Structures are given as structure tokens and as C-alpha cells.
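Subject: The structure you asked about

Hi there,

Here is the structure, ready for you to open alongside the sequence. Have a look at it first, and then read on for what I found.

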Amino acid sequence: MAHFAEINEENIVTQIIVVHNNELLVDGEESETKGIDFCESIYGHRNWVQTSYNGNIRYNYAGLGYSWDSENDAFIAPQPYPSWSLNDNYKWEAPIPYPNDENTYSWDEDNQEWKIVELTVE
């Protein structure tokens, strides 16, 4: 199955649809253009861009609210915290790497640090 993201005038993803691979075939090869034509035949003329569920194209699978960067051919998630920066793979990174141990952490923006999440079992 192929996935296509609808992009609005502000380059924000507003919808994602699934299209059967047969709708993309041209002489036995998948064609994004053919997939876009299929999307337009159902939803009308809108801005459609193919996305990959496993991230094989365009760096990230498009999600609702993601930005579409046509210049870099990338879908970008909303920035989770003001201190985080975008890396070369168009993924957000904290200023301090996530700890590599058995604990679960959450980012504390005010103190610019990872804090252990205390998990409770009932």
C-alpha cells in the first residue's frame, strides 16, 4: 500500500490516505504521479505528496500537522520544544542526547535536562 499526504497552502499536512499499489502502476512500475492523479480523481485537485510508512522516502512518514519542505523533499514533525534543533535527517534532537540506559526519561525544557519517569505498577 502507498500513502499520500495532502498539503495545504501553509505546507502543513492535513490528511493522509492509503492507496492500493495497483493504482500507481505504469508498465509494471510504481509512479508517484499516477498515485497523485488517483488521489485527485477522488478528492479533487489538491496538493498531494507521497509519503513512506517506513521512512524510505522524504526522511519521515508524514503525520497530521507535519510540515512539508519541498526544497529539501522532507516531511518534518512539529518542533517538540524550543531548545530542540533539526538534524541532517530532519528529525528533532534535544540539546543533550537521550540517556542510554534502562530508564525511561522525559525532557524538562525549563531545566534543559532529561528526567527519569517514575513508572508505577498497580
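One thing to keep in mind is that this is a predicted model. I'll begin with a sheet, go on to the helix that lies across it, and then turn to the chain as a whole and to one glutamate.

The sheet is an open one of three strands, in the order β2-β1-β5, and its pairing is antiparallel. The edges are taken by β2 (13–19) and β5 (47–51); each has a single partner strand, so one side of each has no neighbour in the sheet. On average, neighbouring strands here are turned by 30° against each other, ignoring direction.

As general background, the strands of a sheet pair through backbone hydrogen bonds, in either a parallel or an antiparallel way. In this sheet, β1 (residues 2–7) pairs with β2 in the antiparallel sense over six bridges. If you would like a spot to zoom in on, try phenylalanine 4, whose bridge partner in β2 is isoleucine 17.

Helix α1 covers residues 32–43 and lies across β1, β2 and β5. Relative to β5, helix α1 runs at about 130°.

Now for the whole chain. It has one helix and eleven strands, and along the sequence they follow the pattern β-β-β-β-α-β-β-β-β-β-β-β. The radius of gyration is 18 Å, whereas the globule rule gives 14 Å for 122 residues, so the chain is more spread out than a compact globule. Along the principal axes, the C-alpha atoms fill a box of roughly 55 × 35 × 25 Å.

Of the 122 residues, 30% are buried. The accessible surface comes to about 8100 Å², with 46% of it belonging to carbon and sulfur atoms. If you count contacts between residues at least 6 apart in sequence, 35% of them join residues at least 24 apart.

Finally, glutamate 113. This residue is found in strand β11 (residues 113–116). Is glutamate 113 buried or exposed? The relative accessible area is 33%, so glutamate 113 counts as partly exposed. The side chain of glutamate 113 makes a polar contact with that of lysine 115, at 3.5 Å. Setting aside neighbours within four places in sequence, glutamate 113 is in contact with Ile96, Ser106, Trp107 and Asp108. Glycine 28 is 85 residues from glutamate 113 along the chain, and their C-alpha atoms are separated by 51 Å.

Happy to go through any of this with you.

Best wishes

Technical notes
Residues numbered from 1 in each chain as written. Predicted model: local features only at pLDDT ≥ 70, side-chain atom pairs only at ≥ 80, totals over all residues. Heavy atoms only, no water. Pairing = 2+ DSSP bridges. Helix = DSSP H or I, 4+ residues; strand = E, 2+ residues; numbered from the N terminus. Axes fitted to C-alpha atoms, helices over the stretch in contact; angles between N-to-C directions. Contact = heavy atoms within 4.5 Å. Buried < 20%, exposed > 50% of the residue type's maximum accessible area, 1.4 Å probe, protein only. Polar contact = N/O pair within 3.5 Å; in protein donor to acceptor, adjacent residues only side chain to side chain. Rg over C-alpha atoms; globule rule 2.2 N^0.38 Å. Areas by Shrake-Rupley, 256 points an atom, 1.4 Å probe, with all protein chains shown as cover.
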